[in-house]
Amino acid sequence: MQMTDIIAKKRDGEELSTEEIAYMIKGYTKGDIPDYQMSAMCMAILLRGMSDRETLDMTMSMTTSGENLDLSPIEGIKVDKHSTGGVGDKTSLVLCPMVSACGLKVAKMSGRGLGHTGGTIDKLESFPGFNTNISEEKFFENVNKIGISIMGQTADLVPADKKIYALRDVTGTVPSIPLIVSSIMSKKLASGSDVIVLDVKCGSGAFMKTKSQAKELARGLTRIGRLAGRKCAAVITDMDQPLGYAVGNALEVKEAISVLRGQQKGDLLELCLTLGTCMLTEAGFAETKDEARKMLRKTIKDGSALKKLAQMVEAQGGDARAVYDTSLLPEAKYKLPVYSTESGYVRGIQAEQVGLVSMHLGGGRATKDSVIDLAVGLVLDKKIGDHVDEGELLGTIHANDEKKAKEAVELLRRCYRFSSENHARTPFIKGII
Ligand code: URA
């Protein structure tokens with residue numbers, strides 16, 4: 001078999017065989033196939049597409065390119081969740097304790113943030129002492145004992161994706177549905193859960209800018225998940241503004257805790273109820289959506305979800321007192337208010353730009369090796385549809401560097417768009433597949 005022939009075949013729009021796909025993924029992971037050939041292949045796939053059979057073969061070859069997590073030592077139904085990446089996305093910190101309090105097992109591997117979107121692992125490290133680098137044995141033990149554990153992705157989880165994603169990033173081949181599907185689903189399948197729920201973000205702050213692109217991706221992800229034998233659902237959600245109010249690691253943890261305490265309603269809670277409903281019904285824990293929602297709401301009302309978070313923090317060496325007293329979480333030195341220079345209704349908040357404001361303050365990573373400041377970020381006061389008078393508070397910058405804080409005030413102000421009328425809002429949940 002020759003890689004040049006396989007590239008030419010895809011370039012001409014033909015379907016690749018299972019053997020050709022396995023040869024290409026194995027060869028590239030081992031270093032036998034050079035970057036320039038794999039780059040050409042990624043571009044051919046982007047331009048010509050792949051059938052479901054090819055995408056499944058590619059996903060399975062990638063899944064088996066490294067170590068797979070065998071979750072069989074954990075009793076019960078294991079659930080996992082993936083988000084295609086958004087700004088202010090602290091969903092896992094709320095959703096995972098909620099579904100765990102309902103009896104599902106959460107054995108989740110998460111990543112760190114890169115660029116303008118954050119990662120769950122960084123957020124969890126806001127709890128003093130929290131260890132995301134635990135052994136597999138400890139991970140299993142914690143899930144069996146308390147029903148929930150979240151650890152960092154192991155180095156050998158889908159090495160093929162690490163190489164291919166890095167290549168796509170610099171060759172203009174990220175926005176290809178079969179390449180995105182195989183990248184995401186290979187990691188989810190290798191992580192071993194029975195039920196996988198996907199949050200596909202759609203809008204200015206997301207990868208998929210339009211609803212039809214997001215729908216196509218959601219369909220692709222769920223099709224491959226089901227073909228691989230897992231229970232799978234996807235929810236398409238709005239990312240035309242940040243999720244919730246806080247952006248920045250410790251600030252997002254504080255917001256997640258206030259949702260778990262029942263002190264905050266709105267888009268973040270709605271998203272967790274929707275994703276949680278998919279998990280409970282797919283797992284057979286609830287017959288109907290209504291029943292699932294009731295179960296989830298109860299975990300907030302009776303404090304059991306908050307308790308799950310505290311138990312997880314404690315089991316992973318963190319200071320669980322911070323769950324009940326958030327003043328123990330990292331706090332920034334400077335807090336600068338951002339006042340509006342206009343009056344009107346908030347029409348839009350450029351999510352990607354808001355993420356970049358947090359990055360400017362040191363809350364995000366420019367490169368894989370950047371060190372982040374867990375305390376910094378921003379908290380919005382106004383969201384789409386809110387009325388604002390000139391001079392009214394739009395949000396607050398949390399910073400440890402005074403000069404950057406002042407720059408961030410102007411940057412955040414520029415993220416807002418106003419209109420004299422309050423236009424009808426597009427729904428936050430745009431579809432469930
Ligand atoms: N997230 C991934 O993990 N892979 C992609 O290709 C895109 C988003």
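These legends walk through four close-up views of a predicted model. Residues are numbered from 1 along each chain as its sequence is written. Local features need a pLDDT of at least 70 and side-chain atom pairs count only at pLDDT 80 or more, while totals for chains, interfaces and linings use all residues, and side-chain values use heavy atoms, with hydrogens and water left out.

**View 1. The ligand and the residues around it.** Y165, R168, I180, S183, I184, K187 and F207 surround the ligand (a residue is near a molecule if one of its heavy atoms lies within 4 Å of it). By class, that makes 4 nonpolar, 1 polar and 2 charged residues; here Ala, Val, Leu, Ile, Met, Phe, Trp, Tyr, Cys and Pro count as nonpolar, Asp, Glu, Lys and Arg as charged, and the others, Gly among them, as polar. Helices α8 (159–169) and α9 (177–190) each bring at least two residues to this shell, and α9 has the largest share, with 4. Helices are DSSP runs of H or I with at least four residues, strands are runs of E with at least two, and both are numbered from the N terminus.

**View 2. Polar atoms facing the ligand.** Start with K187: an N or O atom in its side chain is 2.4 Å from an oxygen atom of the ligand. R168 has a polar side-chain atom 2.9 Å from a ligand oxygen. For S183, the partner is a nitrogen atom of the ligand, 2.6 Å from a polar side-chain atom. On its own the ligand has 240 Å² of accessible area, and the protein covers 89% of that (areas come from the Shrake-Rupley method with a 1.4 Å probe).

**View 3. A closed cavity and an open pocket.** Rolling a probe the size of a water molecule over the atoms shows where empty space is left. On a 1 Å grid over the protein atoms alone, a cavity is a set of points where a 1.4 Å probe fits but cannot get out; a pocket is an open set with protein on both sides within 12 Å along at least five of seven lines, and lining residues have an atom within 4 Å of a point. Grid points are joined across faces, edges and corners, and a volume is the space filled by probe spheres set on the points. The whole structure has 1 cavity of 30 Å³ or more, and the largest cavity has a volume of about 140 Å³. Its lining counts 22 residues, with H116, T117, G118, S358 and G363 closest to the centre. Sorted by class, the cavity lining has 4 nonpolar, 14 polar and 4 charged residues. Helix α16 (351–360) gives the largest share of that lining, 3 residues. As for pockets, the second largest has a volume of about 470 Å³. Among its 23 lining residues, Q241, I384, G385, R425 and T426 lie nearest the centre.

**View 4. An open sheet of 4 strands.** The order is β6-β9-β11-β7, with antiparallel pairing. β6 (246–247) and β7 (334–339) stand at the edges with a single partner strand each, so one side of each has no neighbour in the sheet. Strands pair if DSSP finds at least two bridges between them, and 2 bridges join β6 to β9 (residues 377–380). Look for V247, which stands opposite L378 in β9.

Technical notes. A polar contact is a pair of N or O atoms within 3.5 Å; within protein, one must be able to donate a hydrogen and the other to accept it, and residues adjacent in sequence count only if both atoms are side-chain atoms.
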